[in-house]
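Biologist: I should like a close look at a single strand and its surroundings. Please describe how the strand is placed, what it pairs with, and how the residues beside it are packed.

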Amino acid sequence: MFDDKVLKTGSNEMELVDFRIFKQTGDKVYEGIYGVNVAKVREIIKMPNLTELPGVPEYIEGIFDLRGVVIPVINLAKWMQIKEPTGVAIKPRVIISEFSEILIGFIVHEAKRIRRISWSDIEATSFSANSGALDKGKITGVTRIENDEVLLILDLESIVEELGIYSPKIEVEIDKTKALTGLALVLDDSSTARKLVKDTLEKMGLKVVEAKDGVEGLAKMQDLYDMYGDKLHDYLRVILSDIEMPQMDGYRFAATLKDDSRYSSIPIIFNSSLNNMYSEAQSKEAGGAAYLTKFDATLLYNEVLRVVEVHKSAK
């Protein structure tokens, strides 16, 4: 029997932690609605006893010991430069997030519920949130919920990168004797992330075609097939795909290609900030040839070489 409680690979759905941050605006209190991917949340806890750190920005509330691991805690309201209300009963929680091999806590005013939504109902951000540091580059997308309210999905990776807690490893040593030829398709909703991957692939000798989500990725695949026909697999050497993307996620994109005989033999490498065993298992189920956690250029370089070689041997 179908179990609708389990998130199916390729369903193009995600689960979000819906949390709230309240803002004092004049004599009114505005309730901001935000979300983060459940796959990036290890747990949600009550406020722990924090140890303050001297000389750090106000939004870094301190550190605490989470079962043997000392982690920093960021106050999202202060980071957004939001004036917190005094007349509202706030039930603060700390969302413990894990991604890109980082463990970090975010203080929110209330953890409301878990929502399951379709990526097709998530729109890319085309506006500024007008909340201090929260520009559109820190928002993965937006989606409408009940009562025509809008939920903003935060891009935690971009936030911690701005905080200086995370930095992509961009240095890579290229072996010129192993230069590749042909094309690579790169899917990522972040132009910054696409550029990191593109730069590495171009150093390897590949020409890169870009797409911002799975829908555009399928359109680019059709364009390439129109150009190369049944010889496409001789030109398109590899596909690098993010997982979290508005409109169509990486799992649905990959599963769609694997069900299409024109594209099924082209290897796909997932390149995501999600670093947990469940996401990696889902990538294999969707037909991925490899799984990388963002971003280490040397690991990407070695894995692309390996996957392309395996694919060439299998022809």
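Modeller: A crossover is called right-handed if, with the strands pointing away from the viewer, the path from the first strand over the helix to the second runs clockwise. In this predicted model, such a right-handed β-α-β unit is made by strand β11, helix α3 (residues 191-203) and strand β12.

Strand β11 spans residues 183-187, and 5 of its 5 residues are buried. The side chains of L183, L185 and L187 point one way from the strand, whereas A184 and V186 point the other way; burial applies to both sets.

Two parallel pairings involve β11. With β12 (residues 207-211), the strand pairs over 5 bridges, and A184 stands opposite V208 there. With β13 (residues 236-241), β11 is likewise joined in parallel by 5 bridges; in that pairing A184 stands opposite V238.

Contacts of L201 bring several of these elements together. Beyond its neighbours within four places in sequence, L201 is in contact with A184 and V186, with L206 and V208, and with L240, L300 and V304.

L201 also belongs to the largest nonpolar core, which has 50 residues; L201 is among the members that touch the most others, together with F19, L76, L154, L240 and V304. Helix α8 (residues 297-314) gives the most to this core, contributing 7 residues. A second core, separate from this one, comprises 25 residues, including L232, M248, F253 and Y291.

Methods. Residues numbered from 1 in each chain as written. Predicted model: local features only at pLDDT ≥ 70, side-chain atom pairs only at ≥ 80, totals over all residues. Heavy atoms only, no water. Core = buried A, V, L, I, M, F, W, Y, C linked by side-chain atoms within 4.5 Å. Buried < 20%, exposed > 50% of the residue type's maximum accessible area, 1.4 Å probe, protein only. Helix = DSSP H or I, 4+ residues; strand = E, 2+ residues; numbered from the N terminus. Contact = heavy atoms within 4.5 Å. Pairing = 2+ DSSP bridges.
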